[in-house]
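Okay, everyone, thanks for coming. I'd like to walk you through one model today, so have a look at the screen and we'll go from there.

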Amino acid sequence: YSGECQAAIHAYTEELFGKEQVFRAGTISTLAERTAYGFVKNYLDSKGIVARNAEINRLVRGCSGVRRTTGQHPGGMVVIPVGCSVCEFTPVQYPANDRNSVTITTHFDFHSIDETLVKLDILGHDDPTVLRMLQDMTGVDPLQIPLDDPDTMSIFSGVEALKVRPEDIGEEVGTIGIPEFGTRFVRGMLKETRPKTFGDLVRISGFSHGTDVWANNAQDLIKNGIATLEEAIATRDDIMLYLIQRGLPSKHAFTIMEQVRKGRGLKPEDIEAMKAKEVPQWYIESCQKISYMFPKAHAVAYVMMSFRIAYFKVHHPDAFYAAYFTTKAEEFDADLILAGPDQMRRVIQKVENNWADATAKDKSVASILEVALEAMARGIRFLPVDLYRSDATKFRVVEPNTLLPPLIGLQGLG
């Protein structure tokens, strides 16, 4: 759901099931090893104790994993069956024992009760918020956008539809700023695979959200010509459907899929059954490497959202950039943008040269600057923040291809 109405949806679950039957899933934060090491060192120093490394490591191991504080899951709602009390399953508490909190959470970590109770994941997402903003600005209904628009499809493999050259924006594909497809990792995948269809995008979404599905697995198979983009395993469903096509009984195909998606690999009897149906050796080895896999329906939902936003990027650029920067307004630096493209490139280069040690904020600023550079290359102008005309939090399109940043676009203004 859009982050803006997530709280209302959470309240509605209480209306559906009753206030006594729905609780926020509690989380438990434990002491990390590095933090425990700091505690142990400080303790020993304060007591004037000199300890050998073995003793320090013993103390650190004793502290690691101990509960430090409690919190709440970003969107998990635990539902208690009618006729039962929550205390039959778990105590309840305020998150971090804050008695002023309006939220009450389950006290036990959800994994200790997940065999017994249902958890609804009602998560917040920027995409619906952005699509609503784009609809309000342009009058185009996102649900009417054709999911086979050729110009939109082309930006996943090139930049021609944006009417810029790769050297203008420092990138060969046009997906900078597109959810799911804008990160460096996924842009690298797009350059290697050059997708042509919506189905290809769904596969790439599966690769990028899985663990050990792309790197050292499908990437190598595609690069070495052993498998094509369509043949490599991308989502959970691929395994089951492929094995059923090969002639394995549906139940066995389902069981294999469930084992692989949870990272449990294949049992000897599974490998025998697959070899009996002439499943290639590379496919069996690929299954053995996977740690986690995305469901295909999830990938399709994400790609539909991303494609609709990409449509606005191609056909309504000023609205797209206004909506994008509005969601990132708190990290937007109006002074830096107005300093011009050369200064922006220097900042990006500095972060790239120091990528391993860069903070999350540095990386986020670099991503925003990349989008701003692309917008400028496409003829979009940024005005200075205006005390009388700027909105508090939203970017405004004040005339064609001209954006007025909000007041919070000024650094340090909360």
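Let's start with I80: setting aside neighbours within four places in sequence, I80 is in contact with Q21, F23, S85, V86, F89 and L117, and contact here means heavy atoms within 4.5 Å. I80 lies in the loop between β2 (67–79) and β3 (92–93). Those strand labels are DSSP runs numbered from the N terminus, with strands being E runs of at least two residues and helices being H or I runs of at least four. Is I80 buried or exposed? I80 is buried, at a relative accessible area of 2%. The cut-offs are under 20% for buried, over 50% for exposed and partly exposed in between, using a 1.4 Å probe and protein chains only. For a sense of distance, I80 and Y12 are 68 residues apart along the chain, and their C-alpha atoms are separated by 15 Å.

Before I go on, a word on where this comes from. This is a predicted model, where local features need pLDDT of at least 70 and side-chain atom pairs count only at pLDDT 80 or more, while totals for chains, interfaces and linings use all residues. Residues are numbered from 1 along each chain as its sequence is written, and side-chain values use heavy atoms, with hydrogens and water left out.

Now the overall picture. The protein chain has 18 helices and eight strands, and its C-alpha trace spans about 65 × 60 × 55 Å along the principal axes. Of the 414 residues in the protein chain, 43% are buried. If you take contacts between residues at least 6 apart in sequence, 65% of them join residues at least 24 apart. The exposed area of the protein chain is about 22100 Å², with carbon and sulfur atoms supplying 52% of it; that's the Shrake-Rupley method with a 1.4 Å probe, and for residues only the protein chains shown count as cover.

On charge, there are 46 positive and 54 negative side chains in the protein chain, and the centres of the two sets lie 5 Å apart. Lys and Arg count as positive, Asp and Glu as negative, and His and the chain ends are not counted. Each charge is placed at NZ of Lys, CZ of Arg, CG of Asp or CD of Glu.

Next, the inside. In soluble globular proteins, nonpolar side chains tend to be buried together. By nonpolar core I mean a set of buried Ala, Val, Leu, Ile, Met, Phe, Trp, Tyr and Cys residues joined through side-chain atoms within 4.5 Å. How many residues does the largest nonpolar core have? The count is 88, and the residues with the most contacts inside it are F181, F207, I239, L243, M274, Y283 and F325. Helix α14 (residues 296–315) gives the most to this core, with nine residues. Apart from it lies another core of nine residues, and our friend I80 is among them, along with V78, V86 and I113.

Back to the big core for a second: not counting residues up to four places away in sequence, M274 touches L243, L248, I256, L266, V279, Y283, I284 and C287.

At the start of the chain, S2 lies in the segment before α1 (6–17). S2 is buried too, with a relative accessible area of 11%. Beyond its neighbours within four places, S2 is in contact with H125, P128 and T129.

Last stop, the other end. There's an open sheet of three strands in the order β6-β8-β7, with mixed pairing. β6 (381–382) and β7 stand at the edges with a single partner strand each, so one side of each has no neighbour in the sheet. To count as a pair, two strands need at least two bridges between them in DSSP. β6 and β8 run parallel, joined by two bridges, and R381 stands opposite T402 in β8. β7 and β8 are antiparallel over three bridges, with V397 opposite L403 in β8.

Which residue takes a positive phi in the hairpin of β7 and β8? N401 does, near 60 degrees, and that hairpin has two residues between the strands. Most residues other than glycine have a negative phi. N401 is partly exposed, at 31% relative accessible area, and touches D318, G379, I380 and R381, leaving out residues up to four places away in sequence. K163 also has a positive phi of about 60 degrees without being a glycine, but K163 is exposed, at 74%.
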